[in-house]
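Q: Please take a close look at a single part of this model, the strands and how they are arranged. Begin from the ligand, and work from there strand by strand, in one connected account.

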Amino acid sequence: MNKEKQNIHDFDLSMIYSFFSNTERQGPGSPEETLKALGFIRGLDERSKIADIGCGTGGQTMVLGANMPGEIVGVDSWPAFIEQFNKNARSKGLHRRARGVVGDMADLPFEEGELDLIWSEGAIYNIGFERGLSAWRKFLKPGGYIAVTENTWFRGDRPGEIQQFWDSIYPEMDGIANKVAQMQDAGYLPVATFMLPETVWTDYYTWQAERLKSFQQEHEGNPAAAGFIETMRYEAELYSKYMQYYGYMFYIGKKL
Ligand code: SAM
């Protein structure tokens, strides 16, 4: 297999989703970091409306719901994730304030000026950071907030292997200063930017390594699954080798 060319998006969606079902989170992140980002948001009350875009099964949405007032709508394009989201909201007693809906982040089911806060962890890359920030802005009230995580380069002196890997998956990956400038250019006041700790990735890859073992057994003899497994392991291996060069940053902005 050509590791430089193949990435997770080349695989059958149902294979990807079956791999990620039954987990609290579908990407790197943690309740502590979600709460840290929430600490920068002002002015929410019982009438506030919040959207969590690319919410997955709602790991971070439930943390938000338990720690702030208002109504939260989680949006994800994968129906099985939304089904699990709504079960999670019920089991945590949050179903009166948190609901999941199937939807596309490129065509959100909200009215203009309806939202007080847009949240999105590990998901805006699906539409692109700049495009997402611009397209979602109209749904916020004046002075509303946006908080997203985005994979970001920490250094300019990047080895070719890691540069080529991320160029092939997400060429929009950029440095911190450029991401902040893009946020400002999209019509937001950059309020805060912070780095998520390496443990959000190492914990995620530890879970992934275990899950890959059972996934391998479930898909014994399936060449597409073997390719998927190799790709996932390669990404984790690259992270352990090059973690000082990139990682997730939270970017928090206020609509200007
Ligand atoms: N926010 C969750 C978390 O941090 O655990 C999930 C992150 S996961 C890496 C990215 C999510 O984006 C997936 O749940 C995927 O189904 C969703 N997604 C991908 N493309 C989408 C789209 N066009 N519209 C809505 N959701 C999308």
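**From the ligand shell to the sheet**

A: The shell around the ligand is made up of 7 nonpolar, 10 polar and 4 charged residues. This and everything below is read from a predicted model, and the values are computed from its atoms. Of the 21 residues around the ligand, those that come nearest are Arg25, Gly27, Gly54, Gly56 and Met105. Two secondary-structure elements, α3 (59-67) and β2 (71-76), each supply at least two residues of this shell, and β2 offers a way from the ligand into the strands.

Before following that strand, it helps to set the overall frame. The protein has 9 helices and 7 strands. Its radius of gyration is 18 Å, close to the 18 Å that the globule rule gives for 256 residues, so the protein is as compact as a globular protein of that length. Taken along the principal axes, the C-alpha atoms fill a box of roughly 50 × 45 × 30 Å. Of the 256 residues, 34% are buried. When contacts between residues at least 6 apart in sequence are considered, 78% of them join residues that are at least 24 apart.

The strands themselves form one open sheet of 7 strands with mixed pairing, and the order across it is β3-β2-β1-β4-β5-β7-β6. The edges are held by β3 (98-102) and β6 (188-195), each of which has a single partner strand, so one side of each is left without a neighbour in the sheet. On average, and with direction ignored, neighbouring strands of this sheet are turned by 20° against each other. As background, the strands of a sheet pair through backbone hydrogen bonds, in either a parallel or an antiparallel sense.

Now back to β2, the strand that contributes to the ligand shell. Within β2, 5 of the 6 residues are buried, so this strand is largely enclosed by the rest of the structure. Its pairing with β1 is parallel and runs over 5 bridges, and in that pairing Ala51 stands opposite Val73 in β2. On the other side of β1 in the sheet order comes β4: strand β1 (residues 49-53) is joined to β4 by 3 bridges, and the two run parallel. Here the bridge partner of Ile50 is Leu117 in β4.

How many residues of β4 are buried? For this strand the count is 6 of 6, so β4 is largely enclosed by the rest of the structure. Strand β4 (residues 115-120) also pairs with strand β5 (residues 140-153), again in the parallel sense, over 5 bridges. Leu117, already met as the partner of Ile50, stands opposite Tyr145 in β5, while Trp119 stands opposite Ala147 in β5.

Ala147 then leads across to the next strand, since besides facing Trp119 Ala147 also stands opposite Ile252 in β7. At this point the sense of pairing changes, for β5 and β7 pair in the antiparallel sense over 9 bridges. In strand β7 (residues 246-255), 8 of the 10 residues are buried, so β7 is largely enclosed by the rest of the structure. The antiparallel sense continues to the edge: β6 and β7 are joined by 7 bridges and run antiparallel, with Gly253 in β7 as the bridge partner of Pro190.

Two aromatic residues from helices complete the picture. Trp136 lies in helix α5 (residues 129-137), and with 24 other C-beta atoms within 10 Å, Trp136 is buried. Leaving aside residues up to four places away in sequence, Trp136 touches Leu108, Ile118 and Ile146. Of these, Ile146 is 10 residues from Trp136 along the chain, and the C-alpha atoms of the two are separated by 9.0 Å. The second residue, Phe165, is found in helix α6 (residues 160-169) and counts as partly exposed, with 18 C-beta neighbours inside 10 Å. The C-alpha atoms of Phe165 and Trp207, which are 42 residues apart along the chain, are separated by 22 Å.

Definitions and conventions:
Residues are numbered from 1 along each chain as its sequence is written. This is a predicted model: local features need pLDDT of at least 70, side-chain atom pairs count only at pLDDT 80 or more; totals for chains, interfaces and linings use all residues. A residue is near a molecule or strand if its C-beta atom, placed from the backbone, lies within 6 Å of it. Helices (H or I, at least four residues) and strands (E, at least two) are DSSP runs, numbered from the N terminus. Ala, Val, Leu, Ile, Met, Phe, Trp, Tyr, Cys and Pro count as nonpolar, Asp, Glu, Lys and Arg as charged, and the others, Gly among them, as polar. Two strands pair if DSSP finds at least two bridges between them. Axes are lines fitted to C-alpha atoms, for helices over the stretch in contact, and angles run from 0 to 180 degrees between N-to-C directions. The radius of gyration is taken over C-alpha atoms; the globule rule is 2.2 Å times the number of residues to the power 0.38. A residue is buried if 20 or more other C-beta atoms lie within 10 Å of its own, exposed if 12 or fewer, and partly exposed in between; C-beta atoms are placed from the backbone. Two residues are in contact if their C-beta atoms, placed from the backbone, lie within 7 Å.
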